[in-house]
Amino acid sequence: MLSGKRITLIIGGGIAAFKSLDLIRRLRERGANVTPVLTRAAEEFVTPLSASALAAEKVYRDLFDLNDEHEMGHIELSRASDLIVVAPATADLMARMAAGLANDLASTLLLATDKRVLVAPAMNLRMWEHPATQRTIETLKSDGVLFVGPNDGDMACGEYGPGRMAEPLEIVAAVSAAIADGPLRGKHVLVTSGPTHEPIDPVRYIANRSSGAQGTAIARALAALGAQVTFVTGPADVEPPAGVAVVPVETAQEMLGAVQAALPADAAIFAAAVADWRVVSASDSKIKKGARGGLPSIELAENPDILATVAAMKNGRPGLVIGFAAETDDVLENARAKLQRKGCDWIVANDVSPETGIMGGGENAVTLITDDGAEDWPRMGKDRVAMRLAERVARALNGDEG
Ligand code: CTP
């Protein structure tokens with residue numbers, strides 16, 4: 001499935017570098033050509049000879065080599081690739097990437113590339129949680145860098161938590177999604193997903209039962225068809241898919257900001273269950289029982305309607321705007337009214353009455369409403385609903401349907 005693809009694999013200096021040797025093997029098994037680039041620190045953990053033997057290719061090393069520049073300079077090295085993968089991506093290497101430094105071969109290549117970059121971070125959990133690293137991650141995400149992991153787990157340093165590099169097969173899945181050939185190649189699609197949390201005080205919030213499963217499946221399906229996906233997600237139960245640019249948010253207002261920052265897009269799919277209201281002035285400290293005498297009263301304000309805001313844009317409106325209508329009664333009628341009211345092009349209507357088991361379940365039964373009318377889809381897994389919708393989006397963006 002990766003046959004003929006060329007991947008430049010930058011191996012950073014961390015204990016997880018040993019897993020990158022397996023990653024080379026796994027990528028090659030799937031037909032990819034892998035050109036390894038070792039940082040100076042990486043050579044403390046794996047040898048250039050083992051990387052080169054597994055890749056069956058020349059290894060590029062940090063030590064400046066005039067011969068290398070003659071054979072294939074750093075610009076050409078990145079241009080010849082379909083994707084640049086950094087695994088393990090250390091805190092130091094990512095910070096240099098975010099700052100735009102070019103003080104060794106790996107960072108120069110990352111600065112010079114016009115290709116997508118996928119990073120698999122690996123570091124001690126305190127380094128991962130440090131505000132400096134979190135700032136770096138934010139910057140890289142807004143630059144469009146893709147992430148896979150890190151995972152939670154036991155670490156070589158004896159601690160437990162986030163910071164473990166994703167497993168080779170997870171990285172392979174992210175690579176496949178990032179360079180998938182398909183009818184959505186070259187298209188940018190924005191997806192919102194999950195619930196939003198609207199704070200009442202530091203420990204309480206208003207939320208809803210959305211698991212984020214359907215939105216996540218849609219993002220995965222779009223990526224599998226080759227789209228470049230920006231996935232804006234509230235606090236969901238399911239993990240975001242690999243190979244998409246993930247923008248995590250908490251509240252509806254943050255979600256709107258993230259959506260506007262991610263535009264322009266060719267299509268936008270609003271699968272999030274956005275809380276309709278927020279607390280007007282959330283308390284900075286925990287509201288104590290009986291502090292103000294009797295029950296606290298909570299004043300609510302209406303949240304911005306993200307879908308309606310984007311659908312009404314005069315400039316830069318995505319060509320295809322798709323909403324969801326989660327209803328418990330008069331599903332079709334309500335969904336049609338919602339399409340009109342919000343100004344979107346299509347609406348995916350579903351019945352979320354408790355007896356359907358759809359909210360939080362693995363299946364969905366939807367009706368797709370377009371200009372051409374309403375199409376009932378049989379009840380099927382959320383992954384299949386997602387793929388069918390992604391295929392429809394591909395047809396519409398490629399002019400095969402209105
Ligand atoms: N939506 C949104 N922003 C909001 C509310 C909803 O973007 N503040 C989007 C959802 O992502 C979904 C569509 O609007 O695509 C419909 O959401 P739904 O919750 O069904 O509709 P509501 O606007 O809440 O309408 P109602 O209360 O009448 O059901």
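## Exercises on a predicted model

Proline 88 is placed in strand β4. The model is a predicted one, and the exercises below start from this residue.

**Exercise 1. Describe the peptide bond that leads into proline 88, and find another cis bond in the chain.**

Step 1. The bond from alanine 87 to proline 88 is cis, and its omega is near -5 degrees.

Step 2. Glycine 149 and proline 150 are also joined by a cis peptide bond, with omega about 5 degrees. Proline 150 belongs to the loop between β6 and β7 (151–154).

Step 3. Most peptide bonds are trans, and most residues other than glycine have a negative phi.

Step 4. Alanine 56 has a positive phi, near 55 degrees, although this residue is not glycine. Alanine 56 sits in the loop between α2 (48–55) and β3.

**Exercise 2. Work out the strand order of the six-stranded sheet, and state which strands stand at its edges.**

Step 1. The six strands form an open sheet in the order β3-β2-β1-β4-β5-β6, and the pairing is parallel.

Step 2. At the edges stand β3 (60–61) and β6 (146–147); each has a single partner strand, so one side of each lacks a neighbour in the sheet.

Step 3. Take the pair β1 (residues 6–11) and β2 (residues 33–38): six bridges connect these strands in the parallel sense. Isoleucine 11 has leucine 38 of β2 as its bridge partner.

Step 4. Now add the helices. Helix α1 (residues 17–29) packs on the sheet and touches β1, β2 and β4 (83–89), with its direction at about 175 degrees to that of β1. Helix α6 (residues 105–112) lies across β1, β2, β3, β4 and β5 (117–121) and runs at about 135 degrees to β1.

**Exercise 3. Do the same for the sheet of eight strands.**

Step 1. This open sheet has mixed pairing and the order β13-β12-β9-β14-β17-β18-β20-β21.

Step 2. Its edge strands are β13 (245–248) and β21 (373–376), each of which pairs on one side only. From one strand to the next, the twist averages 15 degrees.

Step 3. Strand β9 (residues 188–193) runs parallel to strand β14 (residues 267–270), and four bridges join the two. Within this pair, valine 189 stands opposite alanine 267 of β14.

Step 4. Helix α10 (residues 213–224) packs on the sheet, where it touches β9, β12 (228–233), β14 and β17; its direction makes about 165 degrees with that of β9. Helix α11 (residues 252–262) lies across β9, β12, β13 and β14 at about 175 degrees to β9.

**Exercise 4. Characterise the shell around the ligand, from the polar backbone contacts to the elements that supply its residues.**

Step 1. Begin with the backbone. A backbone N or O atom of phenylalanine 270 is 2.6 Å from an oxygen atom of the ligand. A polar backbone atom of proline 304 lies 2.9 Å from a ligand nitrogen. For isoleucine 306, a backbone N or O atom is 3.0 Å from a nitrogen atom of the ligand.

Step 2. On its own the ligand has 580 Å² of accessible area, and the protein covers 78% of this.

Step 3. Two or more residues of the shell come from each of α12 (306–311), β17 (320–327) and α13 (331–342). The largest share, four residues, is given by β17.

Step 4. Sort the shell by class: nine residues are nonpolar, one is polar and five are charged. Of the 15 residues around the ligand, those that come nearest are Phe270, Ala272, Phe324, Lys338 and Lys342.

Terms used
Residues numbered from 1 in each chain as written. Predicted model: local features only at pLDDT ≥ 70, side-chain atom pairs only at ≥ 80, totals over all residues. Heavy atoms only, no water. Near = heavy atom within 4 Å. Polar contact = N/O pair within 3.5 Å; in protein donor to acceptor, adjacent residues only side chain to side chain. Areas by Shrake-Rupley, 256 points an atom, 1.4 Å probe, with all protein chains shown as cover. Nonpolar A, V, L, I, M, F, W, Y, C, P; charged D, E, K, R; others polar. Pairing = 2+ DSSP bridges. Contact = heavy atoms within 4.5 Å. Axes fitted to C-alpha atoms, helices over the stretch in contact; angles between N-to-C directions.
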